[in-house]
Each structure stands twice: as C-alpha cells, then as structure tokens.
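Colleague: Could you take me on a close tour of the open sheet in this model, along with whatever packs on it? I would enjoy one connected account, with cut-offs given as you go.

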Amino acid sequence: MRLLRMVVKGLKPFEDQTLALDLYARDQVRSKAPGNGLTHLKSKPASHIYTHNVLCLTGINASGKTTALHALALAVGVLRKDTSPMLSSVRSLSAFGPKLQLFLTFESKQRFYLLQSQLDAAENDNADESADPLEDSTYKFSQEYLWLYPNKPLPKTVLHDTDSFKKHSKLIKVRGLANQSLGVSATDAYLTQEAYDYLSPYSSIVLPYTKSNRTPVGILIRPETYFPIVPADTIADPVLHVFDDSIDYFHIDQEDRAHLRFAGTSQEVVLSNMDTAGLLSLGTVRGSRIIKAAIRVLRTGGYLLIDEIENSINKELVRMIINLFTSTASNPHGATLVFTTHYAELLDLIQRKDNIYFLRRREDERKGIQAINYSEAVKRGELKHSEVFLSNYVKGTAPKADELKAMRQYVTLQVAGQEHHA
C-alpha cells in the first residue's frame, strides 16, 4: 500500500480548514537510477508514478507543521489498520475539528484507489456533566466511499484532482446498506448486512483492499520534551557508537538493569535504567529510538514520521537518517520518511524540489495556514533550498522584520530595567 495524495478537511488552523499533501513526484523524473530518492510504482498497465522516499515539512514556529504530521499519521493509520488509538490522539488536538473529511488516493496491489471518509467526533460517555462532551472524545467513521481506477495508465493530472479521479473511476464500496438510501445507484457497492454488522466504527471499509502479507508499519516520533529520558531497551553497538563513542556497549537485562562500559575502561557499570539519564545524552537516546523505528519501517516499506528531526541531533546524523531512506540498499521496499524541521540548512540535504512543503501563515491571519509545494512556488532550480527559505522568497517562511525588531527592543528595555509598553 502506498499513499499518493492526502486531502484533509476540518483542520481549523488551515486555509479553508483544508490541508493537501502529495507524496508522489509531481516534477519530471530525470534520473531513474537507484538511489534517486524515489520508488517507481509497478502497476498494470504501467503508469509513470513515483513515490517520494523522503518528504520534508518546514516553516517557522506555529506554522502548522505538527498538525500536518498528525494528519498524515491519521491518513496512514486509516489505510493500514484499525485506527482507534490514532483517532483518539488526534481528537485531543485543538486543531482537529468535530468533523473531518479525508480524501486519500493510494496504490495497493498494483491498482489505484480513492477513499473518501467522514469522521465525526463521538461524545465521551464518561465525561462529567459540566465538561465539554467532546473533550477527550474520539472519532468514528460515519460515511465512506471507495473508487477504483480502471486498468489503464494513471495520468498525474487525474491523480492530482480528486473530482477527476472520481469521474474516471468506478465506485466499488460504500459504508452503508442498500436500504439506507445514500444516493448511490451501484447497489453492488453497498455492504452486506453481515459485513455492516461486523465492521467496527473505528475501522475503515478500505482495510480488505490494503491488507497484505507485509503490512506497512507507520510510526510517529515526537520531540523529546521531558526529563529524564531513558532508553527503552538495549542499544546496538553500531548505533550507540554513532551517537556516543565514549561508551563501548549499553545493554538492558530482563530485570530492567542497565549494563554499560565506558571506552578505555575494563569495568562494567550496572545501575537501574532510570539512573542512566545522567550518563546518556538526549541525542543518543532519541537517535537510537529513531534508528530502531527506521529499521521496522524499512523492513515493510512503511512510514516513519518524525516531528522536529533536528531535536538533539546534529546535521550530519540527520543526513545519515535521510540517506537510509534514499539508498536502495537500506530501503529496498520503498519506505517513506516524513519529517518536520525549523532548520533551513537541512533543506539542502534534499535533492528534489517537489518533496519539500513550506507551511506558512498568510498576512491576513484570518485566512489560515497554507501548505505550499516548493516546486510550485519556486521555478528556479539553481537556488539553494535554504536560501529560499531564509530569504522569505516564499512570503511567510521567515519571521517578520518588524516583530523581530520589537522583540529586541523589548529585551533591551527589560535589561535596562525600563518599563515596556506595547
């Protein structure tokens, strides 16, 4: 299963409450050699569709990057398994409204599909009478429709246009019974009574079409914002030494005790796992978690989503993580890494333009956040990605000069002990 395009409606901070992301190569694919950061989709008949192995979401603070990443995690979860945990976690985020609509274009078993799902917030039956009944609630699927594209090459123009995809496709499944009058004439698309009764309100009708022998793994890694942070299990020596070569080995036994030896010494140190927080850096623990998650995802051709990839990890190690996904040796199944970042220099680690999204707030705050594909906004290929970001070439990718000036003035006045009036 490969997610190719995602449109989510109901995200309150975004323009028109809508976020659209493409996970396929929109631009021309000039190099088809292995290691170009793309995976060619084998379909019958052949279509010239490639998926990105790396996708970057970048923007200044409070530009919607984390919300976009959670929306993508939800989309992947809908396609790959029972999504109950993810439905609950995104409902707790204030950016997600009481109703969501998902339009997911994907490939499965060499065929192309479009899934349209509506999710409604379900009231929390255990909520206090004085509390918001939707607080800490979850989503349930209320309406769903699934279209199948015919056996012919899929043009990118159709792939990029939801209405066009529907027009050229056949409606093959509807979440409902034929006697429910959902306005669908294709009676064979409705569920049988048995299937309808069996289907969980937290599972999509799409699962029989995406289920395979190697179900893609989807993992979301958030920034580490609390202390102490300790490793969950043993850190393999090759991974440990990349992030911290001052320790020879680190092993956790069945009683949750940590065994480690520092380089240049012969004595093993044994202590509780919690006590290792002062010995292992945050970057070492987080880096090892990322590598462990990457291995799981690379084995299945799944999705690794990392919020603030640079958090506690330096640029060269971020380059190493990206290279794990662009190399066919470590990524034989076409797994996808999606990450957010504030740091412009990381954009220069990415070769293509169409796998970078700038998230920005409009000058008119009431219009909400936009997600702009780099290749759509910037036609000049010779510009460094980082310079485009930092120069505010695409308006809204750098802090406003007057706001920076005002903050510097505020700090100066505070240091001088003077009262500041806005």
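Modeller: Helix 1 (residues 65–80) lies across strand 1, strand 2, strand 6 (96–108), strand 7 (111–122) and strand 8 (138–148), and its direction is at about 60° to that of strand 6. Helix 2 (residues 84–91) packs on the sheet too, where it touches strand 6, strand 7 and strand 8; with the direction of strand 8 it makes about 120°. Contact here means heavy atoms within 4.5 Å. The axes behind these angles are lines fitted to C-alpha atoms, for helices over the stretch in contact, and the angles run from 0 to 180 degrees between N-to-C directions. Helices (H or I, at least four residues) and strands (E, at least two) are DSSP runs, numbered from the N terminus.

Please keep in mind that this is a predicted model: local features need pLDDT of at least 70, side-chain atom pairs count only at pLDDT 80 or more, and totals for chains, interfaces and linings use all residues. Residues are numbered from 1 along each chain as its sequence is written, and side-chain values use heavy atoms, with hydrogens and water left out.

Let me stay with helix 2 for a moment. Its residues M86, L87, V90 and R91 are buried, that is, under 20% relative accessible area, where exposed is over 50% and partly exposed lies in between (1.4 Å probe, protein chains only). These four cover an arc of only 130° around the axis, so they sit on the same side of helix 2; the arc is that of the directions from the helix axis to the C-beta atoms. An α-helix has 3.6 residues a turn, so residues three or four places apart point the same way. The buried residues of helix 2 pack against helix 1, strand 6, strand 7 and strand 8.

Now for the sheet itself. Six strands make up this open sheet, in the order 2-1-6-7-8-9, with antiparallel pairing. Two strands count as paired if DSSP finds at least two bridges between them. At the edges stand strand 2 (18–22) and strand 9 (170–174), each with a single partner strand, so one side of each has no neighbour in the sheet. On average, neighbouring strands of this sheet are turned by 20° against each other, direction ignored.

Strand 1 (residues 2–11) deserves a closer look. Five bridges join strand 1 to strand 2, and the two run antiparallel. Eight bridges join strand 1 to strand 6, again antiparallel. Within these pairings, R5 has D22 as its bridge partner in strand 2, and R5 stands opposite T105 in strand 6. M6, in turn, stands opposite L21 in strand 2. Nine of the ten residues of strand 1 are buried, so this strand is largely enclosed by the rest of the structure. The hairpin of strand 1 and strand 2 has six residues between the strands, and there D16 takes a positive phi near 55°.

Rings come next. A search of the whole structure finds six aromatic pairs, where rings of Phe, Tyr and Trp (its six-membered ring) pair if their centres lie within 6.5 Å; planes under 30 degrees apart count as stacked, over 60 as edge-to-face and the rest as tilted. One of the six is the tilted pair of Y145 and W147, with 6.2 Å centre to centre and 35° between the planes. Both Y145 and W147 are buried. Ring pairs also link F106, Y113 and Y209 into a cluster.

Charged partners round off the picture. The structure holds twelve salt bridges, each a side-chain nitrogen of Lys or Arg within 4 Å of a carboxyl oxygen of Asp or Glu. Away from the sheet's own strands, D348 forms one with K384, and their closest N and O atoms are 3.8 Å apart. D348 lies in the loop between strand 15 (336–341) and strand 16 (356–361), and K384 in the loop between helix 10 (374–377) and helix 11 (385–390), so the pair ties together parts that are 36 residues apart in sequence. D348 counts as partly exposed at 29% relative accessibility, and K384 is partly exposed as well, with a relative accessible area of 43%. To return to the sheet, salt bridges that share partners join R5, D22, R26 and E376 into one network. R5 and D22 are thus the residues named earlier as bridge partners between strand 1 and strand 2.
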